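I opened the notebook to look up how the helices pack and what the database record marks. The entries follow in the order I made them.

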Amino acid sequence: MTKRLKELAERAGRELEDASPLEILTWAAETFGSRFCVTSSMEDAVVAHLASRAFPGVDVVFLDTGYHFPETIGTRDAVEAVMDVNVITLTPRRTVAEQDAEYGPKLYDREPDLCCALRKVQPLGEGLTAYDAWATGLRRDESPTRANTPVVGWDEKRQKVKISPIARWTQDDVDAYVAEHGVLTNPLLMDGYTSVGCAPCTRRVAEGEDARAGRWAGRAKTECGLHG
């Protein structure tokens with residue numbers, strides 16, 4: 001089964017490289033059905049909106065780390081209320097208070113990789129067990145670490161098909177789609193944030209900075225571990 005899925009992912013990555021995001025998501029819906037989901041950080045709802053057009057009622061998985069901005073939780077609630085999707089909220093095994101008691105307060109300052117592992121990577125891995133394929137909003141233009149993102153690829157760590165339907169899009173493409181379809185976006189994107197994660201590890205970005213410069217600022221860390 002795993003070998004077949006991997007071969008399917010690699011073949012689809014080649015065949016769908018020039019396909020539109022909607023075509024890619026339609027392929028995913030037809031291929032995997034209920035074994036397919038979208039993950040969203042609720043920075044915007046572009047991929048969720050696209051997926052709802054290809055697969056009405058699609059599962060949209062959101063990680064509530066316990067450290068989100070109120071605006072992010074509000075975006076999730078709005079997406080659930082107005083879009084034809086089924087929002088599923090995953091939570092870590094430990095509450096923030098329980099984690100503080102076990103590891104000490106502000107683990108995100110002292111060991112950010114461990115904090116991400118406990119509050120993002122582990123719960124997502126557990127939450128994806130019901131699926132064979134998952135879609136993300138990764139784009140090649142976001143950072144050097146994402147420059148080779150395939151539109152369909154194989155997630156070796158999770159042994160699943162990983163779909164990035166807007167991998168070839170630029171920020172201008174995203175903005176145009178949002179404007180055309182009135183897609184919900186996180187209000188923080190209008191307040192100097194260009195990438196929205198957990199509140200303690202996210203800051204506003206200055207003009208000319210990389211779009212993800214506000215994540216784990218001052219550290220070598222650039223990814224939370226969900227995509228690497």
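Entry 1: α1 and α2. I noted that this is a predicted model. I began with the directions of the first pair and found that α1 and α2 are roughly antiparallel to each other, because their angle falls in the class over 145 degrees. The angle I looked up is about 160°, and the axes of helix α1 (residues 2-15) and α2 are 13 Å apart. I recorded a right-handed crossing for α1 and α2. Then I listed the residues in contact: Leu5, Leu8 and Ala12 come from α1, and Trp27, Thr31 and Phe32 come from α2. By class, this contact of α1 with α2 has five nonpolar residues, one polar residue and no charged residues.

Entry 2: α2 and α3. I moved along the chain to helix α2 (residues 21-32), which packs against α3 at an angle of about 60° with the axes 9 Å apart. That angle makes α2 oblique to α3. I also noted that α2 passes α3 in a right-handed crossing. Which residues of α2 and α3 make the contact? On the α2 side I wrote down Pro21, Leu22, Leu25, Thr26 and Ala29, and on the α3 side Val47, Leu50, Ala51, Arg53 and Ala54. Sorted by class, the contact of α2 with α3 has eight nonpolar, one polar and one charged residues.

Entry 3: α3 and α8. I next checked helix α3 (residues 46-54) against helix α8 (residues 171-181), and their axes come within 11 Å and cross at roughly 60°. I therefore entered α3 and α8 as oblique to each other. Is the crossing of α3 and α8 left-handed or right-handed? I found it to be left-handed. From α3, the residues Val46, His49, Leu50 and Arg53 meet Val174, Tyr177, Val178 and His181 of α8. By class, I counted five nonpolar, two polar and one charged residues in the contact of α3 with α8. Leu50 and Arg53 of α3 had already appeared in my list for the contact with α2.

Entry 4: the annotated domain. I looked up the UniProt record, an unreviewed entry, and its annotation "domain: Phosphoadenosine phosphosulphate reductase" covers residues 41-203. Over residues 41-203 I read 37% helix and 14% strand, and the end C-alpha atoms are 16 Å apart.

Entry 5: the annotated cysteines. The unreviewed UniProt entry also carries the annotation "binding site", which covers Cys115, Cys116, Cys198 and Cys201. How far apart in space are they, given that they are spread over 87 residues of sequence? They cluster, and I noted 10.8 Å as the largest C-alpha distance. Cys115, Cys116, Cys198 and Cys201 are also in the lining of the second largest cavity. Finally I placed Cys198 along the chain, in the segment after α8.

How values were computed: Residues numbered from 1 in each chain as written. Predicted model: local features only at pLDDT ≥ 70, side-chain atom pairs only at ≥ 80, totals over all residues. Heavy atoms only, no water. UniProt positions renumbered as here; feature names shortened; annotations may be inferred. Helix = DSSP H or I, 4+ residues; strand = E, 2+ residues; numbered from the N terminus. Axes fitted to C-alpha atoms, helices over the stretch in contact; angles between N-to-C directions. Parallel < 35°, antiparallel > 145°, perpendicular 65-115°, else oblique. Left-handed = near helix turned anticlockwise from the far one by under 90°. Contact = heavy atoms within 4.5 Å. Nonpolar A, V, L, I, M, F, W, Y, C, P; charged D, E, K, R; others polar. 1 Å grid on protein atoms, 1.4 Å probe; cavity = no way out; pocket = protein on both sides within 12 Å on 5 of 7 lines; lining within 4 Å.
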